[in-house]
Amino acid sequence: GMPDCDAYIAAVDAYMKCDKVPQQARDSAKQGIDAMKQGWGDMSQVPEDVKKQTYDACKQGVDALKQGAEAMGCKI
């Protein structure tokens with residue numbers, strides 16, 4: 001339900017599918033995304049400023065993940 005965070009989850013999924021990413025990094029990414037999903041829960045009651053911070057963090061995460069993946073030769 002949060003477009004930038006949905007994009008982040010999709011980017012992490014693509015990152016984890018790249019065979020150039022070490023397995024340990026893939027495992028860490030999966031654990032991190034699982035923890036994030038649990039932490040988000042129902043965002044409908046969250047104050048707008050917290051939602052904005054969450055969206056911004058997800059957008060930054062996508063950008064950072066793309067850069068890191070490209071450095072390894074992976075496309076996201």
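A salt bridge is taken here as a side-chain nitrogen of Lys or Arg within 4 Å of a carboxyl oxygen of Asp or Glu. The model is predicted, so that local features need pLDDT of at least 70 and side-chain atom pairs count only at pLDDT 80 or more, whereas totals for chains, interfaces and linings use all residues. Residues are numbered from 1 along each chain as its sequence is written, and side-chain values use heavy atoms, with hydrogens and water left out.

By the salt-bridge criterion the count comes to four. One of them links Lys52 to Asp56, with the closest N and O atoms 2.8 Å apart; both residues lie in helix α3, four residues apart, about one turn of the helix (helices are DSSP runs of H or I of at least four residues, numbered from the N terminus). Asp56 is partly exposed, with a relative accessible area of 33% (buried means under 20% relative accessible area, exposed over 50%, and partly exposed in between, with a 1.4 Å probe and protein chains only). Also in helix α3, Glu48 and Lys51 are three residues apart, about one helical turn, and their side chains meet in a salt bridge at 3.4 Å, N to O; Glu48 is exposed at 59%, whereas Lys51 is buried at 13%. In helix α2, Asp34 forms a salt bridge with Lys30 at 3.0 Å.

Two disulfides are found, a disulfide being a pair of cysteine sulfur atoms within 2.5 Å. The sulfur atoms of Cys5 and Cys58 are 2.0 Å apart, and the torsion about their S-S bond is about 90°, so the disulfide is right-handed. Because Cys5 lies in helix α1 (residues 3–17) and Cys58 in helix α3 (residues 48–71), the pair ties together parts that are 53 residues apart in sequence. The second link joins Cys18 to Cys74, S to S 1.9 Å, and is left-handed, with -70° about the S-S bond. Both cysteines of this link are buried, Cys18 at 11% relative accessible area and Cys74 at 4%.

Arg26, in helix α2 (residues 23–40), is buried yet has no salt bridge, the nearest side chain of opposite charge, Asp19, being 6.2 Å away (Lys and Arg count as positive and Asp and Glu as negative, while His and the chain ends are not counted). The side chain of Arg26 nevertheless reaches the backbone oxygen of Asp19 at 3.5 Å. Not counting residues up to four places away in sequence, Arg26 touches Met16, Cys18, Asp19 and Val21, where contact means heavy atoms within 4.5 Å.

Technical notes
Helix = DSSP H or I, 4+ residues; strand = E, 2+ residues; numbered from the N terminus. Polar contact = N/O pair within 3.5 Å; in protein donor to acceptor, adjacent residues only side chain to side chain.
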